[in-house]
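Subject: Handing over a structure, with notes

Dear colleague,

I am passing a structure on to you, since you will be looking at it for the first time. Please open it beside this message, and read the notes below with it in view.

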Amino acid sequence: MKISLLILLLPLTVNAADVLRAKRDPRRDYSEYENRVSKDFSIHEVSLSGSALRNSRIFTTASLPRATGWKAEAMQERFEYMRDVRFLQDSDGDLRRSSWLYPDDGCYARAALAMRNLFKIYAPLPSKVFAFGNLKVQTTNSPRGAVHWWYHVAPIVQVKGQKYVLDPALEPARPLKLEEWVAKMGKPEKIKISICGSGTYSPGDSCNKESDGLELHAERAQLSYLREEEKRLLRLGRETTTELGDNPPWLETR
């Protein structure tokens, strides 16, 4: 509720989208983004106490709370469903997946809509894991070969004591062990982590928030990233009809 109130109150000169936007200029330190968000919340007298950002700590598996438990035999099937389901209608009337092929931004919307889709198949809703830092990920889905974030968020579950992150934007073939996921973004000792409820939408949102299974606030944001995803593939000289349709690139690697 607090994050929704903030977005309504922030003036255009402040740009409320900065609260959600994960993309980072590689020439700037992530602390600049963190400080800007903190300042915006302070100006509008909205507390960050108890948020994903305030709860984050330098990564160490020993200090993290449990995530939602899943059975090992169900994890890969649920991951592939979350990755592959085409449920959003784009401006051309085509059904699309979440924007896994546009990793630059929009992780908050992808993670939220993953909850909606998993809710539909009666899966226990995952927790969410937030990472903060000078994050950089190598990817073939960027013309520069890498994307930069000041934060990133994805669903996380726990199987027999091991935490796994469900993040097709980083690894479309399988869930990643939490340690692998963090290492893909930089040096673990320089990355802060928080594990929050299924409904924690952004860095400023309450870490204890649980999803209602609908996540309607995420759909509009995701639709804008679908347009960016298509433009990105065109810029890379790739076949949009194929990759956004029945043959996404991860099927070719099987």
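What follows is a description of the cysteines, one strand, three helices and the aromatic pairs.

Please keep in mind throughout that this is a predicted model.

**The cysteines**

A search of the whole structure finds 1 disulfide, and it is formed by Cys196 and Cys207, whose sulfur atoms are 1.9 Å apart. The link is left-handed, with -85 degrees about the S-S bond. It ties together distant parts of the chain, because Cys196 lies in strand S9 (residues 192-196) while Cys207 lies in the loop between S9 and helix H7 (216-235), 11 residues apart. Both ends are buried, Cys196 with a relative accessible area of 5% and Cys207 at 4% relative accessibility.

Why does Cys107 form no bond with Cys196? The sulfur of Cys107 has its closest cysteine sulfur in Cys196, and that atom is 13 Å away, which is too far for a bond, given that a disulfide requires sulfur atoms within 2.5 Å. Cys107 is itself buried, with a relative accessible area of 3%.

**Strand S9 and its partners**

The strand that holds Cys196 is largely enclosed by the rest of the structure, because 5 of the 5 residues of S9 are buried. Lys192, Ser194 and Cys196 point one way from the strand, whereas Ile193 and Ile195 point the other way. This fits a general pattern, in which the side chains of a regular strand alternate between the two faces of the sheet.

S9 runs antiparallel to strand S1 (residues 57-58), to which 2 bridges join it, and Arg57 stands opposite Ile193. S9 also runs antiparallel to strand S5 (residues 127-138), in this case with 5 bridges, and Lys192 is there the bridge partner of Phe132.

**Three helices**

Helix H2 (residues 30-43) has 14 residues, which at 1.5 Å a residue should span 20 Å, and the 20 Å between its end C-alpha atoms agrees with that. Its buried residues are Tyr30, Tyr33, Glu34, Val37, Ser38, Asp40 and Phe41. Seen down the axis of H2, these buried residues fall within an arc of 160 degrees, so they line one face of the helix. The face turned away from the buried side carries the exposed residues Lys39, Ser42 and Ile43.

Helix H4 (residues 72-84) can be read in a similar manner, starting from its buried residues, which are Ala74, Met75, Phe79, Met82 and Arg83. Down the axis of H4 they fall within an arc of 160 degrees, so they too line one face of the helix. Glu73 and Glu77 are the exposed residues on the face of H4 turned away from that buried side. What covers the buried residues of H4 includes helix H5 (107-120), strand S6 (146-159), strand S7 (162-165) and helix H9 (249-252).

H5, one of the elements covering H4, is largely enclosed by the rest of the structure, because 12 of its 14 residues are buried. Among them are Cys107, Tyr108 and Leu118. The buried residues of H5 pack against H4, strand S3 (88-89), S5, S6 and H7. From its first C-alpha to its last, H5 reaches 20 Å, close to the 20 Å expected at 1.5 Å a residue. The helix is followed by Tyr122, whose phi is positive, near 60 degrees.

**Aromatic pairs**

The whole structure holds 9 aromatic pairs, and I describe two of them here. Tyr108 and Tyr201 form an edge-to-face pair, with 5.5 Å centre to centre and 90 degrees between the planes. This pair links distant parts of the chain, with Tyr108 in helix H5 and Tyr201 in the loop between S9 and H7, 93 residues apart. Tyr108 counts as buried at 6% relative accessibility, and Tyr201 is buried with a relative accessible area of 5%.

Phe130 and Tyr151, by contrast, form a stacked pair, 6.4 Å centre to centre and with 25 degrees between the planes. Phe130 is in strand S5 and Tyr151 in strand S6, 21 residues apart, and here too distant parts of the chain are linked. Phe130 is buried at 0% relative accessibility, and Tyr151 is buried with a relative accessible area of 0%. Both belong to one aromatic cluster, together with Tyr33, Phe132 and Trp150.

With best wishes

Key:
Residues numbered from 1 in each chain as written. Predicted model: local features only at pLDDT ≥ 70, side-chain atom pairs only at ≥ 80, totals over all residues. Heavy atoms only, no water. Helix = DSSP H or I, 4+ residues; strand = E, 2+ residues; numbered from the N terminus. Buried < 20%, exposed > 50% of the residue type's maximum accessible area, 1.4 Å probe, protein only. Pairing = 2+ DSSP bridges. Expected span 1.5 Å × (residues − 1). Arc of directions from axis to C-beta. Contact = heavy atoms within 4.5 Å. Phe/Tyr/Trp six-rings, centres within 6.5 Å; stacked < 30°, edge-to-face > 60°.
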